[in-house]
Amino acid sequence: MEDEAWPEWAAVKKEVLEFHAEFCKTFSSPKRLEIMCLLKGREMTVSDITKKLGVPKANMSQHLNVMRMMGILRARRDGTNIYYRIANKKIAQACSLMQNALAHLMEGVAVISQQKVIATMEGGKYSDKNN
């Protein structure tokens, strides 16, 4: 009985996984991650974001448009200004969670790198078995 539902489930899952991969590609730019950090809990104009991050306006508009098209950001116009904000607080929370996990991971990488340097300086070889 479960096998009959498998093809339908697999197709749905594949579609979700493909979207997840495309969605995550949006964050492959450090500048877009900076935009996320800057917009947490507030909205800002394109001009303000551009000034804060020191990016040419044309480049910033391109980053913002990609993020808006993926549903990460929402935009609203007020006169001549366009304001951007994070579309869903769960996206901001997921981004924060990933940053915390990566910070923890980087601490581990730093410890291993430090152990490698010390072992090399002492004329020894570093072994992963030390951990």
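Visitor: How do the three strands line up in the open sheet, and what is the pairing?
Guide: In this predicted model, the three strands form an open sheet in the order β1-β3-β2, and the pairing is antiparallel.

Visitor: Which ones are the edge strands?
Guide: The edge strands are β1, covering residues 44-45, and β2, each of which pairs on one side only.

Visitor: And how many bridges join β1 to β3?
Guide: Two bridges join β1 to β3, and these strands run antiparallel. If you want a place to look, find Met 44, which stands opposite Tyr 84 in β3.

Visitor: What holds strands of a sheet together in pairs, anyway?
Guide: Strands of a sheet pair through backbone hydrogen bonds, and the pairing can be either parallel or antiparallel.

Visitor: OK, which strands does α2 lie across?
Guide: Helix α2 lies across β1, β2 and β3, and α2 runs at about 90° to β3.

Visitor: Stepping back, what does the secondary structure of the protein chain come to?
Guide: It comes to five helices and three strands, and from the N terminus on the elements run α-α-β-α-α-β-β-α.

Visitor: Let's pick helix α4. Why should it span 18 Å?
Guide: Helix α4 takes in the 13 residues from 57 to 69, and at 1.5 Å a residue these should span 18 Å; the end C-alpha atoms are 18 Å apart, so the model agrees with that expectation.

Visitor: Which residues in α4 are buried?
Guide: The buried residues in α4 are Met 60, His 63, Leu 64 and Met 67. They cover an arc of only 95° around the axis, which means that they sit on the same side of α4.

Visitor: What about the other side of α4, then?
Guide: On the other side of α4 you will find Ala 58, Gln 62 and Met 69, which are exposed.

Visitor: And what do the buried residues of α4 pack against?
Guide: They pack against two helices, α2 (30-39) and α3 (46-53), and against two strands, β2 (73-78) and β3 (81-86).

Visitor: Which residue with a positive phi follows α4?
Guide: That is Gly 71, whose phi is positive, near 85°.

Visitor: Last topic: how much of the protein chain is buried?
Guide: Buried residues make up 24% of the 131 residues in the protein chain. As for what faces outward, the chain exposes about 9900 Å², and carbon and sulfur atoms supply 57% of that area.

Visitor: And what share of the contacts comes from residues 24 or more positions apart?
Guide: Among contacts in the protein chain with a separation of 6 or more, residues 24 or more positions apart account for 49%.

Terms used. Residues are numbered from 1 along each chain as its sequence is written. This is a predicted model: local features need pLDDT of at least 70, side-chain atom pairs count only at pLDDT 80 or more; totals for chains, interfaces and linings use all residues. Side-chain values use heavy atoms; hydrogens and water are left out. Helices (H or I, at least four residues) and strands (E, at least two) are DSSP runs, numbered from the N terminus. The expected span of a helix is 1.5 Å times one less than its number of residues. Buried means under 20% relative accessible area, exposed over 50%, partly exposed in between (1.4 Å probe, protein chains only). The arc is that of the directions from the helix axis to the C-beta atoms. Contact means heavy atoms within 4.5 Å. Accessible areas come from the Shrake-Rupley method with a 1.4 Å probe; for residues, only the protein chains shown count as cover. Two strands pair if DSSP finds at least two bridges between them. Axes are lines fitted to C-alpha atoms, for helices over the stretch in contact, and angles run from 0 to 180 degrees between N-to-C directions.
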